[in-house]
Amino acid sequence: LFRYSVLTFNGHRIHYDRDYVTREEGYPGLVVHGPLTATLLVDLVRRNAPAARIAEFSFRAVSPLFDGNKMSVNATPPDPNGVVKLWAANAAGDLAMTAQAKLA
């Protein structure tokens, strides 16, 4: 998470300072970046459709994910229009992010 913070110029301590995030913010752990979760969803599409080109991608964070907890990235097969619906869920299966990719 620290490296992703550096890569994206995101200096918010909730992503890399465990003492701060648990004591000051009251979170159970470091907060996983929304864009990192979106990147993992894009990677899921790329691994399952390596020859496809992603023409459009959109995402919406719904609830936070925390380090040290399991999470899953999920997708439907492309519909006839090439649209893939994606989502990330936390360890309890609760929705953390929704996304959509349109394959060219």
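This report walks through a predicted model of a protein chain, from its overall layout down to a few residues.

## The big picture

Let's start with the parts list. The protein chain has three helices and four strands. If you follow the sequence from start to end, the order is α-α-α-β-β-β-β, so to speak, helices and then strands.

How much room does the chain take up? Its C-alpha atoms fill a box of roughly 50 × 30 × 20 Å along the principal axes. The accessible surface adds up to about 6,600 Å², and carbon and sulfur atoms account for 53% of that. Of the 104 residues, 31% count as buried. Now take the contacts between residues at least 6 apart in sequence: 51% of them join residues at least 24 apart.

## Strands side by side

Next, have a look at the strands. β2 covers residues 71-75 and β3 covers residues 83-90; the two run antiparallel, joined by five bridges. To spot this pairing on screen, find Ala75, which stands opposite Leu86 in β3.

β3 also pairs with β4 (residues 95-103), again antiparallel, through seven bridges. Here you can look for Val83, which sits opposite Lys102 in β4. The hairpin of β3 and β4 has four residues between the strands, and Gly93 in this hairpin takes a positive phi near 90°. While you're looking at strands, here's a handy rule: in a regular strand, side chains alternate between the two faces of the sheet.

## Two neighbours in a loop

Now go back towards the start of the chain, to the loop between α1 (2-7) and α2 (18-24), where you'll find Tyr16. His15 has its place in that loop too.

Is His15 buried or exposed? It's buried, because its relative accessible area is 7%, and the cut-off for buried is under 20%. The His15 side chain reaches the backbone oxygen of Val31 at 2.7 Å. Leaving aside residues up to four places away in sequence, His15 touches several others, including Leu1, Phe2, Asn10, Leu30 and His33.

Tyr16 counts as partly exposed because its relative accessible area is 35%, which falls between the 20% and 50% cut-offs. Which residues form a nonpolar patch on the surface with Tyr16? They are Phe2 and Val6, and together the three have about 300 Å² of accessible area. Phe2 is worth finding on screen, as it belongs to this patch and also touches His15.

Technical notes
Residues numbered from 1 in each chain as written. Predicted model: local features only at pLDDT ≥ 70, side-chain atom pairs only at ≥ 80, totals over all residues. Heavy atoms only, no water. Patch = residues over 30% accessible without salt bridge, like charges linked within 9 Å, V, L, I, M, F, W, Y side chains within 5 Å. Areas by Shrake-Rupley, 256 points an atom, 1.4 Å probe, with all protein chains shown as cover. Salt bridge = Lys/Arg side-chain N within 4 Å of Asp/Glu carboxyl O. Buried < 20%, exposed > 50% of the residue type's maximum accessible area, 1.4 Å probe, protein only. Pairing = 2+ DSSP bridges. Contact = heavy atoms within 4.5 Å. Polar contact = N/O pair within 3.5 Å; in protein donor to acceptor, adjacent residues only side chain to side chain.
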